[in-house]
Amino acid sequence: MSKNSIQTAIAEADGLIKAGRHRQADMLLSSAIMTASNAPALRRRLGILRAQQMDYPGARRELEAAASLAPNNASVLQPLAFVYDRMDLPVLARAAAERLLEVAPDNSAAFSLLAGMAKPGEDHSTMLDGITRAISRTETRANDKARLGFAGGRLAHLAGDPARAFAFFESANQAHTAQDDAAGRAALANRLINAFSKVSWPDFQPRAQLILLTGAPGSG
């Protein structure tokens, strides 16, 4: 199976998934794997699909196969670590996340997973330094900075450093605020107001007024 054929199969599966036809997508990818069993991209996509369907044993089989074919591929290691975590396999989840950090040192998902597994009394200094470096990079996206900030905050809290924890949580909040789509929220509010303005309110509420409350990142 050629590289182009593999990419075509994945694209077709993505189309089926967007249309809500997950079973057909699973069958398409499974069929393609029978033809190209050594294609990590196919196994990765099928593994992610099964994880999304909460078939974690099935996802594990495909992602482990993909990882054996592409051991240095961060896009395979990340969902594999997630699946191990969902299956309550902490030793495997930690190993996959640590391997992911070796391949992609700034990976926010790996830091988040490892921070969630961290315990008081452990030495978190290396991870805290790594998180700080990742947050400081200008190329780090806002959503990754937010995830890193929450991870760093938890680790700093476990390390007994409340001031540093607060600074991390504040950076996470700022990253969330930076992502806030004010125009999108305004458009949504207008659509809701227009919809509710067409509602026939009961006669016993002549003074009833619509009050619309919308939440935003950082507002709570």
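**Helix packing and pockets in a predicted model**

Leaving aside neighbours within four places in sequence, Asp 26 is in contact with Leu 46, Leu 49 and Arg 50. Asp 26 itself belongs to helix 2, which covers residues 22-35. The model described here is predicted. The points below start with Asp 26, go on to three pairs of packed helices, and end with two pockets.

**Asp 26 and helix 3**
- Helix 3 spans residues 40-52, and two of the residues that Asp 26 touches, Leu 46 and Arg 50, are also listed among those with which helix 3 meets helix 4.
- The C-alpha atom of Asp 26 is separated by 9.5 Å from that of Gly 47, a residue 21 places away along the chain.
- Gly 47 is one of the helix 3 residues that meet helix 4.

**Helix 3 with helix 4**
- Helix 3 and helix 4 (residues 56-69) pack with their axes 8 Å apart, at an angle of about 155 degrees.
- Angles over 145 degrees count as roughly antiparallel, and helix 3 and helix 4 are therefore roughly antiparallel to each other.
- The crossing in which helix 3 passes helix 4 is left-handed.
- On the helix 3 side, the contact is made by Pro 40, Arg 43, Arg 44, Leu 46, Gly 47, Ile 48, Arg 50 and Ala 51.
- On the helix 4 side, the residues include Tyr 56, Gly 58, Arg 61, Glu 62 and Leu 69.
- By class, the residues of this contact are 10 nonpolar, two polar and five charged.

**Helix 5 with helix 6**
- The axes of helix 5 and helix 6 lie 8 Å apart, and the two helices pack at an angle of about 160 degrees.
- That angle makes helix 5 roughly antiparallel to helix 6.
- Helix 5 and helix 6 have a left-handed crossing.
- From helix 5, the residues Ala 74, Leu 77, Gln 78, Ala 81, Tyr 84 and Asp 85 meet residues of helix 6, among them Leu 92, Ala 96, Arg 99 and Val 103.
- The contact of helix 5 with helix 6 consists of 10 nonpolar residues, one polar residue and two charged residues.

**Helix 7 with helix 9**
- Helix 7 and helix 9 (residues 142-158) cross at roughly 25 degrees, and their axes come within 9 Å.
- Angles under 35 degrees count as roughly parallel, so helix 7 is roughly parallel to helix 9.
- Helix 7 passes helix 9 in a crossing that is left-handed.
- Helix 7 contributes Ser 108, Ala 109, Phe 111, Ser 112, Ala 115 and Gly 116, while helix 9 contributes Asp 144, Arg 147, Leu 148, Ala 151, Arg 154 and Leu 155.
- Sorted by class, this contact has six nonpolar, three polar and three charged residues.

**The largest pocket**
- The space in the largest pocket is about 270 Å³.
- Its lining is made of 16 residues, and those nearest the centre of the pocket are Leu 101, Phe 111, Leu 114, Thr 126 and Met 127.
- Helix 6 (90-103), helix 7 (108-117) and helix 8 (125-136) are the elements that each give two or more residues to this lining.
- Helix 8 gives the most, with four residues.
- Seven residues of the lining are charged, six are nonpolar and three are polar.
- Phe 111, one of the residues nearest the centre of this pocket, is also part of the contact between helix 7 and helix 9.

**The second largest pocket**
- The second largest pocket has a volume of about 180 Å³.
- Residues lining the second largest pocket include Gln 78, Phe 82, Arg 86, Leu 100, Leu 113 and Arg 147.
- Helix 5 (74-86), helix 6 and helix 7 each give two or more residues to the lining of the second largest pocket.
- Helix 5 supplies the largest share of that lining, with five residues.
- The lining has seven nonpolar, two polar and three charged residues.
- Gln 78 and Leu 100 line this pocket and also take part in the contact of helix 5 with helix 6.
- Arg 147, another lining residue, is among the helix 9 residues in contact with helix 7.

Note on methods. Residues are numbered from 1 along each chain as its sequence is written. This is a predicted model: local features need pLDDT of at least 70, side-chain atom pairs count only at pLDDT 80 or more; totals for chains, interfaces and linings use all residues. Side-chain values use heavy atoms; hydrogens and water are left out. On a 1 Å grid over the protein atoms alone, a cavity is a set of points where a 1.4 Å probe fits but cannot get out, and a pocket is an open set with protein on both sides within 12 Å along at least five of seven lines; lining residues have an atom within 4 Å of a point. Grid points are joined across faces, edges and corners, and a volume is the space filled by probe spheres set on the points. Ala, Val, Leu, Ile, Met, Phe, Trp, Tyr, Cys and Pro count as nonpolar, Asp, Glu, Lys and Arg as charged, and the others, Gly among them, as polar. Axes are lines fitted to C-alpha atoms, for helices over the stretch in contact, and angles run from 0 to 180 degrees between N-to-C directions. Angles under 35 degrees count as roughly parallel, over 145 as roughly antiparallel, 65 to 115 as roughly perpendicular and the rest as oblique. A crossing is left-handed if the near helix is turned anticlockwise from the far one by less than a right angle, and right-handed if clockwise. Contact means heavy atoms within 4.5 Å.
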